[in-house]
Amino acid sequence: MKKLILGVFLALCWCSGSVKAQDVAVKTNLLYWATTTPNLSAEFGLGKHTTLELTGGYNPWTLDKDSNKKIKHWMVMPEFRYWLCEKFNGHFFGLHSGYAFYNISGVRVPFQSKSTKDHRYQGWATGVGLSYGYSWLLGKRWNLEATIGLGYIYTNYDKYECATCGKFKGSNDKHYFGPTKAGISLIYIIK
């Protein structure tokens, strides 16, 4: 965790010394908002065809207090992108990584077994993946972007009965291969 934070900090320091204002975009992923997760990203131009994106998301809410239904989590996800046309326009390929801490209860977790709805899981996850996306120009400063990523995630968690202070059922870890990123983002390019 400390290495990830240090790496992101060093990358941002390196970028901030070499980017101009027109090489910065601020964005939000509308799909994350659909899961009640506020999020914000900053993308920095590194070269004519390369950018570095840093995304953060945080979901602090319990959806239903009576049933302890929640998808609480926070996450950070840096991504290096190579643009085929020019940065912030057209097709791109990316290499992303990330870290998340979660406390999920009473909900079906996509791409996991159906029993996730019957328990509470608290733990952390990290991973790496490849992504593809496309960015459409909407105006002088506005873009719309769609992206999808596939990769590997390692997670370590404690499992509890679903009740608020449910009985501890054990610790486990899991290796996952599959979708790791999806987004439809609204983008504002700073000029």
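In the predicted model, Phe88 has a relative accessibility of 7% and is therefore classed as buried, since this value lies under the 20% limit for that class. Phe88 is located in the loop that links β5 and β6. The backbone of Phe88 is marked by a positive phi near 70 degrees, in a residue other than glycine. As a general rule, a negative phi is found in most residues other than glycine. The loop in question belongs to the hairpin of β5 and β6, in which six residues lie between the strands.

The two strands of this hairpin, β5 and β6 (residues 90-105), run antiparallel and are joined by twelve bridges. Among the paired positions, Glu79 has His96 as its bridge partner in β6. Strand β5 (residues 69-83) is also paired with β3 (residues 50-59), again in an antiparallel arrangement, through ten bridges. Within this pairing, Gly57 is matched with Met75 of β5. A further antiparallel pairing, with two bridges, connects β5 to β4 (residues 62-64). Here the bridge partner of Asp64 in β5 is Lys69. Strand β5 thus takes part in pairings with β3, β4 and β6.

A positive phi is also assigned to Thr36, at about 60 degrees, although this residue is not a glycine. Thr36 is situated in the loop between α2 and β2 (39-45). With a relative accessible area of 32%, Thr36 is partly exposed, because this figure falls between the 20% and 50% limits. The two residues therefore fall into separate accessibility classes, Phe88 being buried and Thr36 partly exposed.

Helix α2, which precedes the loop of Thr36, also contributes to a nonpolar patch on the surface. This patch is formed by Leu30, Leu31, Trp33, Trp136, Leu138, Trp142, Ile184 and Leu186, which together have about 760 Å² of accessible area. Two or more residues of the patch are supplied by each of α2 (30-34) and β9 (168-190). The greatest contribution is that of α2, which provides three residues. One of the patch residues, Leu31, is placed in helix α2. Leu31 has a relative accessibility of 37% and accordingly counts as partly exposed. This value also satisfies the requirement of over 30% relative accessible area for membership of a patch.

Conventions
Residues numbered from 1 in each chain as written. Predicted model: local features only at pLDDT ≥ 70, side-chain atom pairs only at ≥ 80, totals over all residues. Heavy atoms only, no water. Patch = residues over 30% accessible without salt bridge, like charges linked within 9 Å, V, L, I, M, F, W, Y side chains within 5 Å. Areas by Shrake-Rupley, 256 points an atom, 1.4 Å probe, with all protein chains shown as cover. Salt bridge = Lys/Arg side-chain N within 4 Å of Asp/Glu carboxyl O. Helix = DSSP H or I, 4+ residues; strand = E, 2+ residues; numbered from the N terminus. Buried < 20%, exposed > 50% of the residue type's maximum accessible area, 1.4 Å probe, protein only. Pairing = 2+ DSSP bridges.
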